[in-house]
Amino acid sequence: MDNTLTQKQIQTLLTLQNDINTVINTDWVNVDYPYSRAIFMEIAEAIDHHGWKWWTVQEHCLDQVRIELIDALHFSLSAEISLQKGDLSECAHRLACTLKQQRISTQTSLLDLLELICVKALTHQSVFAILCEALHLCDLNTGEQIVELYIKKNTLALYRLRNGYREGTYNKIWGTQEDNCFLDKIHARHNCLSIHDTTPLYKKIASAHKINSRPTSNN
């Protein structure tokens, strides 16, 4: 596979991942969270969005497959940071080397690759490089595109945490759609994405939530 993420970009992802994990638990690196299980569950959702049942019609939603892969990437990065005891620089170096070494057959289908991620996750193997390859098969062809989608989902995750997600009071359904569905729409209307300052994007997410959560009129 092409090395679409540079070490600097990987470092950015790791920093953002460490930041949001710290919001959940300041000592998260020293806790043995079941990241492999979380990755498996996210990929299972991706498989459903991809469609796999031969006995009925299913909608193929590539946008949602991408989102589930990005969710799995969050957990993969968490596992890698934990493995390196919080050393983000060393982790970025190792992952960059892994991308250069990883080779997946160009004949592998996206669905087969998703299944491979599940197998590797459940056997506690690193899935970072394979996740990057799967994102490539989802038409995210550059490191910038992967980082952009990651930042958007990471910012939404932070918004969820600050608005009752852990307590169970946050409702992911905004109007008639899950909040994930609004990420591309928000960025399409407002050029508010910045690696160094996600505050403008966070504010746009909050505004979209407010607008789309208003009760509809019966008239």
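This is a chat about the nonpolar core and the aromatic rings in a predicted model.

Me: Let's start with the core. How many residues are in the largest nonpolar one?
Reply: That core has 63 residues. Ile-43, Leu-69 and Leu-73 have the most contacts inside it.

Me: And which helix gives the largest share of it?
Reply: Helix H7, residues 143-162, with 10 residues.

Me: Back to Ile-43, what does it touch?
Reply: Leaving out residues up to four places away in sequence, Ile-43 touches Leu-69, Ala-72, Leu-114, Ile-117, Cys-118 and Leu-131.

Me: OK, switching to rings. How many aromatic pairs are there?
Reply: The count comes to 7. One of them is Tyr-159 with Tyr-202, an edge-to-face pair at 5.5 Å centre to centre, with 65° between the planes.

Me: Where do those two sit in the chain?
Reply: In distant parts of it: Tyr-159 is in helix H7 and Tyr-202 is in helix H9 (residues 199-212), 43 residues apart.

Me: Are Tyr-159 and Tyr-202 buried or exposed?
Reply: Both are buried.

Me: What about Trp-174 and Phe-182, why is that pair called tilted?
Reply: Their planes are at 35°, and pairs count as stacked under 30 degrees and edge-to-face over 60, so this one is tilted. The ring centres are 5.2 Å apart. Trp-174 and Phe-182 are buried too.

Me: Which residues share a cluster with Tyr-159?
Reply: Tyr-165, Tyr-170 and Tyr-202 form one aromatic cluster with Tyr-159.

Me: And which charged residue sits over the ring of Tyr-165?
Reply: Arg-160 does, with its charged end 5.2 Å from the ring centre.

Terms used
Residues are numbered from 1 along each chain as its sequence is written. This is a predicted model: local features need pLDDT of at least 70, side-chain atom pairs count only at pLDDT 80 or more; totals for chains, interfaces and linings use all residues. Side-chain values use heavy atoms; hydrogens and water are left out. A nonpolar core is a set of buried Ala, Val, Leu, Ile, Met, Phe, Trp, Tyr and Cys residues joined through side-chain atoms within 4.5 Å. Buried means under 20% relative accessible area, exposed over 50%, partly exposed in between (1.4 Å probe, protein chains only). Helices (H or I, at least four residues) and strands (E, at least two) are DSSP runs, numbered from the N terminus. Contact means heavy atoms within 4.5 Å. Rings of Phe, Tyr and Trp (its six-membered ring) pair if their centres lie within 6.5 Å; planes under 30 degrees apart count as stacked, over 60 as edge-to-face and the rest as tilted. A charge sits over a ring if NZ of Lys or CZ of Arg is within 6 Å of the ring centre and within 35 degrees of the ring normal.
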